[in-house]
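Let's take a walk through this structure, starting from a single side of one loop and working outwards. Keep the viewer open as you read.

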Amino acid sequence: MSKYEAVIGLEVHVELMTEKKIFCHCKNEFGAAPNTNICPVCIAMPGALPVLNRQVIDYAIKAGLACNSEIAPYSQLERKNYFYPDLPSAYQITQGKHPLCLGGHIDVETADGKRRIRLNHIHIEADAGKLVHLEGEGTLVDLNRAGVPLIEIVTEPDIRSAAEADAFLRKIRALVQYTGVSDGRMDRGSMRCDVNLSVRTTGSEKLGTRTEMKNINSFNFVVKAIEHEFKRQVEILESGGEIDQETRRFDSVNNTSSPLRSKEDAMDYRYFPDPDLVPIAIKPSQVEQIKAEIPELPDVRMAAYVKRWDLSHYDADLLTNDIRVADFFEKAADKTSYPKLAANLIIADLLPGLEEEGEISLLPRQLADLADLLGKEEINSNTGRKIFKLMLTETGELDPGAYVKENNLAQINDRSALEDLINTAIANNERAVVDYKKGKEIAIKAIIGQVMKATSGLANPLLTEEMIKEKIAEIPD
Amino acid sequence: MDINKMDIKQLAQGLRAKDFTAVELCGHFLSEIEAKEPEINALITVTSKVALDEASSCDKALAEGQELPILAGIPFALKDNILTKGILTSGGSKTLANFIPPYDATVRKKLKEQKTVLLGKTNLDEFAMGSTTESSFYGPTKNPLDTSRAPGGSSGGSAAAVAAGEAPFALGSDTGGSICQPAAYCGIVGMRPSYSLVSRYGVIAMTSSMDQVGPLTRTVQDNALVLQAIAGHDPQDSVSHNHPLPDFSARLGRGVEGLKIGLPLDHLETKVRPEIKNAILKVVANLESQGAKIVTLRTGNLEAALPAYYLLTSAEVSSNLGRFDGIHYGYRSKNYETLEDIYYNSRSEGLGKEAKRRIMLGTFALSSSFYDAFYVKAQKVRTYIAREMAKALEQADLILAPVTADIAPKLGTTKSPVERYKESFSVVLAPLAGLPALSLPSGYQVEGMPIGLQLIGSSFSEPLLYQAGEAVMALNSEEKGS
């Protein structure tokens, strides 16, 4: 166990995919030409007034329920006052003392096992506009995003590692995708994250001084930022220094960070209830109605995968973290006798390259057929992965069975077909045979390799190994 | 036929009888404006072209025999914190001296639909903060009854325009007496409606929790007609009252017999000039002789209303005026290198003294260390005042109270801000409690200046206030010359 542990709290901002913005009738869409989805309300024209979009409340409640939060029967919108060019009203409408969702928790699965991360609360708020820095033109303001509804999910300081933070964010993304309240895309900024991190001696109950890193916009950067900041703080403590409570900017390109604002310069946001908006009262019946609309969530699916298909928790978690993948896997698993092999293919070769958006580019039927070929040992795993990759990139609906036939890729499972090749390989590798007999098991790989090469990779590797061992055993010492 | 003496109903009849056209009527008021404005300065912008266009459109509709609302063709003036599409809306501030709104306030839209005729935009204290119009970037308005005196504020331009005969009616806005007080100083009728009765959409926010738009008119009847036209639910204002509107004129002509009128004696004993107290007592005696029942009100201590009002208004102002930072809205200083320079210098150069004072007070009151001691405490006082006012209104149908401690002050009187704030003691009660207040002349004068009084009722009791107000005005004409 290492001497120090990280204590991490996250604030995750998620843009809600409501049709309209939070306080006006402007379209809530990504990628429109700058300053086209705007009106007097979202650009804070003098005299304009906000009117809360009910769909935002419904979506936020849905997200809250998915995160096991309590829905507050009474909540309130407040003004957070500060000056910045992306904020035309000079205040953000958000929630402070009385947020919409209270408490909650999310279970995360990492290679180290399962842990429960508690939430402090979830509140709703309006996004600000966007500053665009253009060479030669200076800084321009695009207010399309001003008034886009957000939820902010605030955790307790329960996260202990970058891997846990990553798993937490992936779970949040899964939950907002499953419930359909957001696309959860970090690459588009529809999910962003502030990291609060302090370091303490492992096992200590006391919290250290924390720093905050704001607006990190990819899973990868969150991991990097945490690793970087943890290391930085540990180095300071090790050299007898003290951590300054401050906001830091993480530079994801150079993997460095620098102070942005010290505690002394901390803003006083002068929160107060927004007099333009009435308090939000939620009836239990409304919560019940929304609860009924929530589909099966990842944790439920995960448990089902473990039980039904005998997958590990970790693998089941990976599959369920993306609703597209989960749906895809389930369909494929139903069509094959070897669901576990299908899961392995997805985890090894689909997940790493999967874009945050778009369809999965093959059919569950194709994957099921491929898993069957593997399971029935009609092809070996090398061939399996090759075909899987091909199916992912090929635009046509490649039929793995037909492809194997056409390209003579069937695994050679026939002993007599391998016999001669194996004899030759053994004869060519006397040295390896000697080594193997001396107990150097790995030496056999050279002989297997030669057989594989001679069969263009089609020999059944297990059968080949078994036969080689039998042959070597027959050779006198 | 003297147009200046005609009320809205008579003007509407004149239009329909073709005694004059809307264009002629408009022309009459535009020439009044031209003659009087150089001295009075009630208007920041005169919208002659818009007025004549709107008037001829009304004439056309009349000629086609269309049934038009009663306000059709009636000219009016609008306080310059109410947004008018394509027409300067300055809020009386340097910072918005070139702000041409791209949309209309709901009240302007409603009056447009009624085919009224916009004569111009009236002067006001900067962002409606003040009680004399002296904090306007466009200079003070003069009281038409005595041009050495202030017309009151912040809706001083609206009150003066009506009192000077420049417009048959005007809209003002009231946050803590900004309609009632200038109406009293100028001897006209002003209604601060119940909070949420009239849409705030398109009105430059000062204190969002108290701002209300209301009519300034020469008669109670006119006032009820105008309120009828501007009140009503607006889905664009979240706090807007969503109930069917009453007929605000329904109770006119019923007199005061049987009405219980409450008198807050504390106020009269200690705070107002003796002549004002006497005028009010005379009105009360007359109302009693007409069958009203006079009740001396027992309320708790209302002294904290004034500081609570100024804390809350400053707090909200500090947030509402944030947007005038020189980036998206408001004057931008030429003197800057960094973003911070733009903020500091634009606000320093663009905003006036009173605005800055309230921004600083409000920023302080909302700061995390003082929030509970000031903002939260003030909100508690507000709740207490609202309860006390409700209790008072259980004892009586309405409250009759002074509007001001004195008559309209001389322009240029130097007073400390606190002294000025203190003058509002009587007009902040209704706004703090969200109640309607009707300000009207008592019929008595001192130093040749009118003495006003106000009637405060329960929320949405405007028809009752008009009923009693009309009776007070009827006494006025009987008492003329006293």
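Start at Lys410(B), which touches Ser148(B) and Arg149(B), leaving aside residues up to four places away in sequence. Bear in mind that this is a predicted model. Lys410(B) sits in the loop between strand E9 (398-402) and helix H14 (417-422) of chain B. Is Lys410(B) buried or exposed? Lys410(B) counts as exposed, because 10 Å around its C-beta takes in just 11 other C-beta atoms, and the cut-off for exposed is 12 or fewer. If you look across to Asp174(B), 236 residues away along the chain, you'll find its C-alpha 22 Å from that of Lys410(B).

Two other loops of chain B deserve a stop. In the loop between strand E3 (117-122) and helix H5 (156-163) of chain B you'll find Ser154(B). The peptide bond leading into it from Gly153(B) is cis, with omega near 5°. Further along, Glu447(B) lies in the loop between strand E10 (437-446) and strand E11 (449-457) of chain B. Its phi is positive, about 55°, even though Glu447(B) is not a glycine. Glu447(B) is exposed, because it has 10 other C-beta atoms within 10 Å.

Now zoom out to chain B as a whole. It has 16 helices and eleven strands, and its C-alpha trace spans about 65 × 55 × 45 Å along the principal axes. How does that sit with a compact globule of 482 residues? Such a globule would have a radius of gyration near 23 Å, and chain B has 21 Å, so the two agree. Of the 482 residues, 57% count as buried. As for contacts with a separation of 6 or more, 76% are between residues 24 or more positions apart.

Next, the meeting of the two chains. Here 31 residues of chain B are in contact with 24 residues of chain A. On the chain B side, the elements that give two or more residues are helix H10 (305-320), helix H11 (339-350) and helix H12 (353-366) of chain B. H10(B) gives the most, with three residues. Sorted by class, this side of chain B has 15 nonpolar, eleven polar and five charged residues.

Cross over to chain A, with its 15 helices and 17 strands. Its C-alpha atoms fill a box of roughly 95 × 55 × 55 Å along the principal axes. Buried residues make up 42% of its 477 residues. Among its contacts between residues at least 6 apart in sequence, 70% join residues at least 24 apart. The chain is divided into domain 1 (4-290), domain 2 (297-406) and domain 3 (415-474). The C-alpha centres of domain 1 and domain 3 of chain A lie 59 Å apart.

Within domain 3, have a look at helix H12 (residues 415-428) of chain A. How far apart should its ends be? At 1.5 Å a residue, its 14 residues should span 20 Å, and the end C-alpha atoms are indeed 20 Å apart, so the two values agree. The buried residues of H12(A) are Leu418(A), Ile422(A), Ala425(A) and Ile426(A). A bit of background helps with that list. An α-helix has 3.6 residues a turn, so residues three or four places apart point the same way. The buried residues of H12(A) pack against helix H13 (430-437), helix H14 (444-454) and helix H15 (461-474) of chain A.

Then there's the nonpolar interior. In soluble globular proteins, nonpolar side chains tend to be buried together. The largest nonpolar core here has 266 residues, and Ala60(A) and Ala342(A) have the most contacts inside it. Helix H2 (residues 162-179) of chain A provides the largest share of this core, ten residues. Among the residues that Ala60(A) touches, beyond those up to four places away in sequence, are Leu16(A), Leu100(A), Cys101(A), Ile122(A), Ile124(A) and Ile151(A).

Finish at Ala44(A), in the loop between strand E1 (4-15) and helix H1 (54-66) of chain A. Its phi is near 60°, a positive value in a residue other than glycine. Ala44(A) is buried, because 23 other C-beta atoms lie within 10 Å, and the cut-off for buried is 20 or more.

Methods
Residues numbered from 1 in each chain as written. Chains lettered and ligands numbered in written order. Predicted model: local features only at pLDDT ≥ 70, side-chain atom pairs only at ≥ 80, totals over all residues. Helix = DSSP H or I, 4+ residues; strand = E, 2+ residues; numbered from the N terminus. Expected span 1.5 Å × (residues − 1). Contact = placed C-beta atoms within 7 Å. Domains from an automatic or database assignment. Nonpolar A, V, L, I, M, F, W, Y, C, P; charged D, E, K, R; others polar. Core = buried A, V, L, I, M, F, W, Y, C linked by C-beta atoms within 7 Å. Rg over C-alpha atoms; globule rule 2.2 N^0.38 Å.
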